[in-house]
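Student: I would like a close look at one part of this model, set in the context of the chain as a whole. Please take it slowly and connect the surface with the interior.

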Amino acid sequence: MFSSQQKGSASSTIYTAQKSPEEYASELQKAVIKGFKERAGELTRELLKTVAPLDIVNREIIPALNVVGDGFEKKTVYLPQLLIAAEAAKHACEQIKSHLCAADAPAEQKAPFVIATVHGDIQTPVFMNVGTCAAIKGGVNTMELREIDCQVELSNTYHLHLRP
């Protein structure tokens with residue numbers, strides 16, 4: 001995906017993408033792959049005017065990160081390029097987040113998020129109970145937590161380390 005070319009002195013290496021501009025699926029994908037953070041943000045803001053936020057993530061940002069990740073696995077992309085692409089993707093996602101949180105955003109775009117984990121999905125907004133010293137605080141018992149469909153519990157395990 002990236003090739004190095006020596007220009008002038010031995011210490012100045014320029015990395016260029018091996019893909020021609022026609023091979024990128026979109027300008028946003030190109031910006032993320034090349035790590036153009038500001039450009040990725042601009043393109044995301046423009047796309048948000050006509051495209052659903054989730055579609056931007058699924059059809060633009062994730063495929064671009066897949067290209068960079070595949071290059072990293074094949075050892076054609078190095079860690080700095082991977083991190084720069086991740087920063088560009090993060091900036092694009094921040095634009096989506098600010099769009100979703102805007103007061104004038106349509107109600108259907110303010111729908112709850114789903115946080116996917118290896119242990120299952122967490123629907124948001126979410127009630128998160130806090131457990132300390134292996135006990136649930138706040139006057140709710142286990143049955144009440146099941147009734148209100150508590151999906152996550154934040155636990156402070158430091159006390160368990162001190163007094164197992």
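How much area does the protein chain expose, and what share of it do carbon and sulfur atoms supply? With that as background, which residues of helix α2 are buried, and what covers them?

Tutor: This is a predicted model, and everything that follows should be read with that in mind. The protein chain exposes about 11,300 Å², of which 57% is supplied by carbon and sulfur atoms. Of the 164 residues in the protein chain, 25% are buried. The fold around your helix is built from six helices and seven strands, and their order along the sequence is β-β-α-α-α-α-β-β-β-β-α-β-α. Among contacts in the protein chain with a separation of 6 or more, those between residues 24 or more positions apart account for 47%.

Turning to helix α2 itself, its buried residues are A40, G41, L43 and T44, and what covers them includes α1, α3 and α4. One of these four residues, A40, also belongs to the largest nonpolar core, a set of 19 residues in which L28, V32, A40, I56, I61 and I96 have the most contacts. Helices α1 (27–34), α2, α3 and α4 (79–101) each supply at least two residues of this core, and the largest share, six residues, comes from α4. A gathering of this kind fits a broader tendency, since nonpolar side chains in soluble globular proteins tend to be buried together.

The contacts of L28 show in more detail how this part of the interior is put together. When residues up to four places away in sequence are not counted, L28 touches A40, L43, T44 and L47, and it also touches I56, E60 and I61. Three of the buried residues of α2, namely A40, L43 and T44, are therefore among the partners of L28. The fourth buried residue, G41, is met by H91, a residue of helix α4. Leaving aside neighbours within four places in sequence, H91 is in contact with K37 and E38 as well as with G41. H91 itself counts as buried because its relative accessibility is 13%, which falls under the 20% limit for that class.

The more open side of α2 can be followed through its charged residues. R39 and E42 both lie in helix α2 (residues 37–47), three residues apart, which is about one turn of the helix. That spacing suits a shared direction, because an α-helix has 3.6 residues a turn, so residues three or four places apart point the same way. R39 forms a salt bridge with E42, and their closest N and O atoms are 3.6 Å apart. R39 counts as partly exposed because its relative accessibility is 37%, and E42 falls into that class too, with 38%.

A search of the whole structure finds three salt bridges, so it is worth setting the remaining pairs beside the one in α2. In one of them, the side chains of K49 and E46 meet at 3.2 Å, N to O. K49 counts as exposed at 63% relative accessibility, whereas E46, at 49%, is partly exposed; the dividing value is 50%. In another, D55 forms a salt bridge with R59, the closest N and O atoms being 3.9 Å apart. D55 and R59 both lie in helix α3 (residues 53–73), four residues apart, again about one turn of the helix. Here D55 is partly exposed at 27% relative accessibility, while R59 is exposed with a relative accessible area of 56%.

Helix α3, which is part of the cover over the buried residues of α2, also holds F72. F72 has a relative accessible area of 37% and is partly exposed. Together with L79 and L83, F72 makes a nonpolar surface patch of about 280 Å².

Taken together, the picture of α2 has two aspects. A40, G41, L43 and T44 are its buried residues, with α1, α3 and α4 included in what covers them, while R39 and E42 are joined by a salt bridge.

Methods:
Residues numbered from 1 in each chain as written. Predicted model: local features only at pLDDT ≥ 70, side-chain atom pairs only at ≥ 80, totals over all residues. Heavy atoms only, no water. Salt bridge = Lys/Arg side-chain N within 4 Å of Asp/Glu carboxyl O. Buried < 20%, exposed > 50% of the residue type's maximum accessible area, 1.4 Å probe, protein only. Patch = residues over 30% accessible without salt bridge, like charges linked within 9 Å, V, L, I, M, F, W, Y side chains within 5 Å. Areas by Shrake-Rupley, 256 points an atom, 1.4 Å probe, with all protein chains shown as cover. Core = buried A, V, L, I, M, F, W, Y, C linked by side-chain atoms within 4.5 Å. Contact = heavy atoms within 4.5 Å.
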